[in-house]
Amino acid sequence: MTQSITSPRYAHAEGYTALAFGKNGQFVCTGGSDSLIRVFYAPKSERDQEAITLEQHSDNILSLAVSRGKVISGDEEGMVFSFDLGQSSGSDSDGLSVEPSGTVLRSTLPARDISISSNERQVAIATDDESIRIISLLDMAVLHTLVGHRGSVNSVAYSPDSKYLASSGCDGTVRIWDMREGDPACVQIMPKIAYVCEPGNSMEQYKVRWSPDGRTLAIPCTNHSIKLIEHNNWDASALLTGGHTSTICYLAWSPNGKYLASAGLDCQAVVWDVAARKAVLSYANANALCQVEWNPQGNMLAFSDCTGAMYIWDDVIQIEQGHAAPFERALADAVTLSKDKLMSDLFDDTAPADRASEDGMDEDEDEGDFLDAGDPTADAMDDFVVDDDGAGYAERQAPRWTAVAASEAQCFQPGSTPWLGNRRYLAFTMVGSVVSIAQDESHNTIEIEFYDKSVHRDFHFSDSFRFSMAALSDSGCLFATTSKELANDQSLRGAAAEADEVSVVSYKAFASWS
């Protein structure tokens, strides 16, 4: 059988290369040891177009995740960045636009794996410590920290409905977390079900993955096999063997769940027929493979190897020969929120009208009442008499609107917000935003994020004064705190205790930042 596999496209320098398809199947993202992210067009007719290059990272990229509206990436120094997907404003209306949108997480250890929830409001991040962080994509706040693994966590995966989260550690233990309640809880522990891998070695960091219908979890195991775990009872329903001769590192389900692709250190990409429990296709590469992904919308695979190369395998399953197709739109729609549904959940403009109808309110009558209330002469219009000759026979109407003296405003009104968890905004302007993050009793961390990355790079510093207000401009940032919030500067603490008027003001000019 002739395999339609493209020549290697050397997207990055030699080293571990991450890979992820866009949800619409029109592009594929890669991240490599050169700290770059590249976005390639996937259709055959568009592959010659120049790739989009993103340069936000400064270390090896280890993980990528793509949703309908975002690309999220993690690197070896623990930085996790977010990028917004859209259409370019050029002459090509179908052009892709990828723009930086912020920092999701700053960790001290490598970000090994990333999984985005189905509603695109949360992201789970696995790092080389023993915890998993659940981050809100609305304000980048840490919602939960899942603790339980006894070693580095190398994989996280939301189920298609985001009710469960699967995670795995380098010690071979897989945990299942129930994400439906306010506080996630571990509901199943499968000790030593996967193979034990070496922490810190990216090539050996295996991943667990859910089937598209959420009924099966695939786990790379010892003896170069794949174990399929049923969601109903968390028992193994099948064992896939005979396709690989070395460690299996990465798994990817076809869009309809009928096939499973795997990549291993034996330089092979293998396609499994899940129902038949056997390998039906394989491709032997010249170098060890890093990751493999199935196009969510078609009969296409992409995989990467340790030389930084990316390959695309077209027409993987020979459908014309009677083999089952790897994609079915009906199933994909059943487990994936549509874009319209997502936007309706976020911005439900029809809800007030629906509630008004349920309460028996007449929309036209309500509008009329509103107009009457807003007109100071509406009640007197029926008996309107004009005293145009000054005879005094027209009754003088008392004015319905009276001026109210404005209360005296404070000379300075900070734009800071209340604390939400351990974060608060100190300033939010057209230039960027200033966020304070509570660390401990001795200091906070100040993060300054700029919208135009070409002018200024994001900046953060340790704040021992615990500033409570800020003002951000094009030339610098002004910080201040009142004496009541001044907690840590020993030279000023005594003065603050004697006079309640003592405060601290600090100015940081952009020209002095490097």
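Two strands count as paired if DSSP finds at least two bridges between them. Keep that in mind for these exercises on a predicted model.

**Exercise 1.** Find the partner of strand S17 and work out which residue stands opposite Asp178.

*Solution.* Start with the strands themselves: S17 covers residues 174–178 and S18 covers residues 185–190. Next, check the bridges. There are 5 between S17 and S18, and the pairing is antiparallel, so the cut-off of at least two bridges is met. Now follow the chain from one strand to the other: a hairpin of 6 residues links S17 to S18. Finally, look across from Asp178, and you'll find Ala185 in S18.

**Exercise 2.** Work out which strands stand at the edges of the open sheet S3-S4-S5-S6.

*Solution.* First, read the order: the 4 strands run S3-S4-S5-S6, with antiparallel pairing. Then count partners. S3 (18–21) and S6 (52–54) each have a single partner strand, so these two are the edges, and one side of each has no neighbour in the sheet. As for twist, neighbouring strands here are turned by 20° against each other on average, ignoring direction. To zoom in on one edge, take S3 with S4 (residues 27–31): they pair in the antiparallel sense over 4 bridges. Across from Ala20 you'll see Cys29 in S4.

**Exercise 3.** Decide where to read the model with care, going by pLDDT under 50.

*Solution.* Begin with the whole protein: the mean pLDDT is 82, and 77% of residues reach 70 or more. Then pick out the weak spots. Residues 329–344 stay under 50, and the model gives them 13 contacts beyond four places in sequence. Residues 486–500 also stay under 50, with 20 such contacts.

Technical notes. Residues numbered from 1 in each chain as written. Predicted model: local features only at pLDDT ≥ 70, side-chain atom pairs only at ≥ 80, totals over all residues. Heavy atoms only, no water. pLDDT = per-residue confidence, 0-100. Contact = heavy atoms within 4.5 Å. Axes fitted to C-alpha atoms, helices over the stretch in contact; angles between N-to-C directions.
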